[in-house]
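Biologist: Before we go through the features, I would like each label set against its definition. Please begin once the structure is up.

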Amino acid sequence: MDLNELTDPAGPPRRYVVTGGPSAGKEAVITELVSRGIPATENEPAREIYRRHRERLGRHLEVGDRREYSREVLAAFIAEYTGHKAGLRFYNRGIPDGYGWDAFFGLGPYPELEQAARIYRYDGIFVLDPLDDFASADDLVFAKDREIRRVHELITQGYYDTGYRPVFVPADDPVRRVDLILANISVPEH
């Protein structure tokens, strides 16, 4: 596939999500996409919002903090989605991720999330299988191994619940993962 055809910035907006639970290797895949000249989210909005909440609260988020955080993340995802006007773009997580994260905290979807999931539709979803090695140098993720698997499953279910059929990307090095992702998107017809 010709990279120029794939990344034509003049075409209609095409939006693809790269997602998965903690330890899935999203950052490495996004970095590889960007290194190939493919537009992508360079900082995960949810992570930055989490940092601000954690600094303000002086602790990790708890169930009672979840709705405010979730609404801020949703607003960031909507802004990123609506800000993209033409051509290809990959997103580090998408709106339906909120279903999985909220479910992990025992919360159901709220009306604004459900409405956004109906209105703002992505062209494809790529779920990265978890990697074997989990590390979080900045302590943003505090889940235990079994919780990582559960979050991953809940995020995936959120995409199914909102009508998507994700493409699963096996654990591998970022170059091969991106090759697989790019092989599963089509060049738009003009």
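Biologist: Which element gives the most to the lining of the second largest pocket?

Modeller: That is α2, with four residues. This is a predicted model, in which local features need pLDDT of at least 70 and side-chain atom pairs count only at pLDDT 80 or more, while totals for chains, interfaces and linings use all residues. Residues are numbered from 1 along each chain as its sequence is written, and side-chain values use heavy atoms, with hydrogens and water left out.

Biologist: What is the volume of the second largest pocket, and which residues are the closest to its centre?

Modeller: The volume is about 190 Å³, taken as the space filled by probe spheres set on the grid points, which are joined across faces, edges and corners. Of the 13 lining residues, Glu27, Glu42, Asn43, Glu44 and Asn92 are the closest to the centre.

Biologist: How does the lining of the second largest pocket divide into nonpolar, polar and charged?

Modeller: Two of its residues are nonpolar, four polar and seven charged, where Asp, Glu, Lys and Arg count as charged, Ala, Val, Leu, Ile, Met, Phe, Trp, Tyr, Cys and Pro as nonpolar, and the others, Gly among them, as polar.

Biologist: Why are α5 and α6 called roughly antiparallel?

Modeller: The axes of α5 (residues 97-104) and α6 (residues 111-119) cross at roughly 155°, and angles over 145 degrees count as roughly antiparallel, so the term applies to this pair. Gly98, Tyr99 and Asp102 of α5 make the contact (heavy atoms within 4.5 Å) with Leu113, Glu114 and Ala117 of α6.

Biologist: What makes β1 and β2 a pair?

Modeller: Two strands pair if DSSP finds at least two bridges between them; five bridges join β1 (residues 14-19) to β2, and the two run parallel, so the criterion is met. Within β2, Phe90 is the bridge partner of Tyr16.

Biologist: Why is one side of β2 left without a neighbour in the sheet?

Modeller: The open sheet has the order β2-β1-β3-β4, and β2 (88-92) stands at an edge with a single partner strand, so one side has no neighbour there, as is also the case for β4 (167-169).

Definitions and conventions:
Axes fitted to C-alpha atoms, helices over the stretch in contact; angles between N-to-C directions. Parallel < 35°, antiparallel > 145°, perpendicular 65-115°, else oblique. 1 Å grid on protein atoms, 1.4 Å probe; cavity = no way out; pocket = protein on both sides within 12 Å on 5 of 7 lines; lining within 4 Å.
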